[in-house]
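Biologist: Could you take me through one part of this model in detail, the place where the ligands sit? I would like to know what surrounds them, and I am happy to hear about a few backbone details afterwards.

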Amino acid sequence: MRWRMKSCRLILLLFVLTAEIFAVHEFVKPTCKKSLELMNECARDVLEHFPDITFSYGYSDEFSFVFKKETKFYQRRASKILSLIVSFFTSVYVSKWKEVFPEKDLRYSPSFRGRVILCASVEVLQAYLAWRQNECHISNQYDTCLWQLIKGGKPEKEAREMLEGSRKQDKNELLYQCFNINYKKSIPQIFRQGTCALRTEVEVSVKNKDDCCPIKRSKRRVTLVHMENIASRRFWNDQLYLLKELGYFSEDVNKTKTEYLKSFQYESRLLLSTWIVIRIDGCHFHRFSKVHKFEKPNDEAALNLMNSCAVGVLEEFNDIVFSYGVSDEYSFVLKKESQLYGRRASEIVSAIVSYFSSMYTMKWKDFFPHKEMMYPPYFDGRAICYPSSQILRDYLAWRQVDCHINNQYNTCFWMLVKSGKTKSAAQSYLKGTQVQEKNELLAQLSGTTDYYNKLPPMFRLGSSVYRNKEEKKILSDKEEEGSLDKLCVKVVIEYCNIIEPSFWEAHSATFSLTGASKYGVPFGNPFSSCFPKEFTSIVHSQHGCFHHLCRQGMSRVARPTCMHVFQENMLKILHDIKMYTNAHTHTIKL
Ligand code: GTP
Ligand code: MG
């Protein structure tokens, strides 16, 4: 989805997915100041990292990020922006945890969900901010009363009943009279008012001139403030950059119109009875892998880390039946009848991408015990619906073909570079080469016959993660009762050919994806275990055509002609598969 209205103000709303994070880590009640400070620091990093975010406001476990009106960030693609910010926020949250809670180990992967809200006018933005700050006040005042009553000995149920229907004034009086708490004076601003992240101009000394006088430059810094009424003209109109990037508040808002504002939170739902694929992809992983010195072209530890996160995602989200990963991407397939988050695309995408990012950051040390993570990684995500299992299988075949083509190219490329060629010489050398030529080149450079097919299957075939159901004999505690067969479900990682129908037939009970693939051909694959079957038929016909032309005495034109037909066919297959898929950024080198 792309935002149509070019100058809408965009708000991204993030909130914590699960309450477990509070319970498991025994956060102080009613509100843990440190947990708020951690959220605030994450928001500060988000603003520092994404200059198009102008303003941010948060309280409790939520944060709203407001983009400048004219933003062209990722050309305003909703899913892309939402997933990037949610993923970045999550990775920072996990990375900073130890600084804020040195005494508490992070025992549970925190994750956030988000949504995009469009504000067509500055008045809507103003009303939105007033609403969120009012919610902050209401919930904090309620929680303060509730926990005072509980601390004072009231059972929770009774305390809640006491507060039901009470007005703001009643709660203030209760706090003052029963607990000697002056709400406004005794409760810190960070709880009552929430936190704004603002950009402020500061003067910084850059370097000394010859006469030792420092050169001053003005720079925008992100500062965190707690203010009473962020939707007031007095606060807003004082921040000149907000006026420029978002607009001027011409009147104060007196009343929050909750229902009216909720109507702006409309969210599209994914088509019923379709397979949902959530594909996530590492953002700027070219740089990330360089900074962290990943081995080229494949870093086993990095790929194992990706796989381990995918296992975690499957364990967390029961509706995911299958996932396939290669390089810095993973595709998660949700069952057709899934009702996860009411099939709201933004919630599903953000929850999965956030959980994956959380685990990637948490598990980093397990896979790279001797490498410091230099900066938080983040991923983008998108949702695609596939109406039939056949098309879904074609999508997965496309990803595996992509894995094979890229991996073979990259293996050749880096081997040429290692042999002394420059990167551009290696690139020109490989231009236009075919599969067979690449295999021969690899065999020649490595001195090993069939070198490519001897590479680890994880590199050649990518990784498939799914739940394997198997019957196991479980010994009963009481021996006389004997053993019983139990269906055990385990998430497994396999490196296998998922283009072959045999894979889906073998797992038909798990996936119900056994519909015949459009491009399946009825004979075996004589070339290599990893070579896509659809290509086999083209290669066969190409060979037939080649020999036919040679027999006709046209050997000189046979090769280029067949190659042309071969490439056309390959491209047609890839094009057909792509038709069902949003534009993909990988270039396919044939
Ligand atoms: P965007 O996804 O558009 O943000 O760009 P990107 O830099 O992430 O590139 P892309 O997703 O197209 O490709 C993934 C990149 O990650 C590859 O080009 C590699 O540079 C890098 N990468 C992924 N896996 C490995 C690995 O195992 N080893 C090394 N050295 N690099 C890897
Ligand atoms: Mg990437």
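Modeller: Gladly; what follows starts at the metal, moves to its neighbour and ends with some loops and a helix. Please keep in mind that this is a predicted model, and that the distances and angles below are computed from it.

Let's begin with the magnesium ion, ligand 2. Its protein donors are D281 and D328, each through OD, and G282 through its O atom. These donors lie 2.0 to 2.2 Å from the ion. Along the sequence, the donor residues follow the spacing D-G-x45-D. What is the geometry around the magnesium ion? There are six donor atoms, and the angles they subtend run from 81 to 176°, so the arrangement is octahedral.

Two of these donor residues can also be described by their accessibility. D281 has a relative accessible area of 15% and is therefore buried, the limit for that label being under 20%. G282 has a relative accessibility of 7%, so G282 counts as buried too.

Now for ligand 1, where D281 turns up again. Around ligand 1 there are 16 residues, and those that come nearest are D281, H284, F285, H286 and D299. Which protein atoms make polar contacts with ligand 1? In the case of D281, a polar side-chain atom is 2.9 Å from an oxygen atom of the ligand. H284 takes part through its backbone, with an N or O atom 2.7 Å from an oxygen atom of ligand 1. D328, a donor to the magnesium ion, also has a side-chain N or O atom 3.0 Å from an oxygen atom of ligand 1. As for cover, ligand 1 on its own has 640 Å² of accessible area, and the protein covers 74% of it.

Where in the fold does this shell come from? Strand β7 (275–282) and helix α12 (285–291) each give at least two residues to the shell around ligand 1. The largest share is that of α12, with three residues. By character, the shell around ligand 1 comprises seven polar, five charged and four nonpolar residues.

Next come the backbone details. The peptide bond from K296 to P297 is cis, with omega near -5°. P297 sits in the loop between α12 and α13 (300–316), and α12 is the helix that supplies three residues to the shell around ligand 1.

S273 belongs to the loop between α11 (258–262) and β7. This residue is not a glycine, yet its phi is positive, at about 55°. With a relative accessible area of 52%, S273 is exposed. N180 also has a positive phi, near 55°, and is a residue other than glycine. Its place is the loop between α6 (168–179) and α7 (183–186). N180 has 64% relative accessibility and so counts as exposed.

One last stop is L149, a residue of helix α4 (residues 122–151). Is L149 buried or exposed? Its relative accessible area is 6%, so L149 is buried. L149 and F179 are 30 residues apart along the chain, and 8.9 Å separates their C-alpha atoms.

To return to your request, the two ligands are linked by shared residues: D281 and D328 are donors to the magnesium ion, and side-chain atoms of D281 and of D328 also lie by oxygen atoms of ligand 1 at the distances given above.

Conventions. Residues numbered from 1 in each chain as written. Chains lettered and ligands numbered in written order. Predicted model: local features only at pLDDT ≥ 70, side-chain atom pairs only at ≥ 80, totals over all residues. Heavy atoms only, no water. Donors = N, O, S within 2.8 Å, 3.2 Å for Na, K, Ca; no water. Tetrahedral: all angles 85-135°; square planar, octahedral: opposite > 155°, others 65-115°. Buried < 20%, exposed > 50% of the residue type's maximum accessible area, 1.4 Å probe, protein only. Near = heavy atom within 4 Å. Polar contact = N/O pair within 3.5 Å; in protein donor to acceptor, adjacent residues only side chain to side chain. Areas by Shrake-Rupley, 256 points an atom, 1.4 Å probe, with all protein chains shown as cover. Helix = DSSP H or I, 4+ residues; strand = E, 2+ residues; numbered from the N terminus. Nonpolar A, V, L, I, M, F, W, Y, C, P; charged D, E, K, R; others polar.
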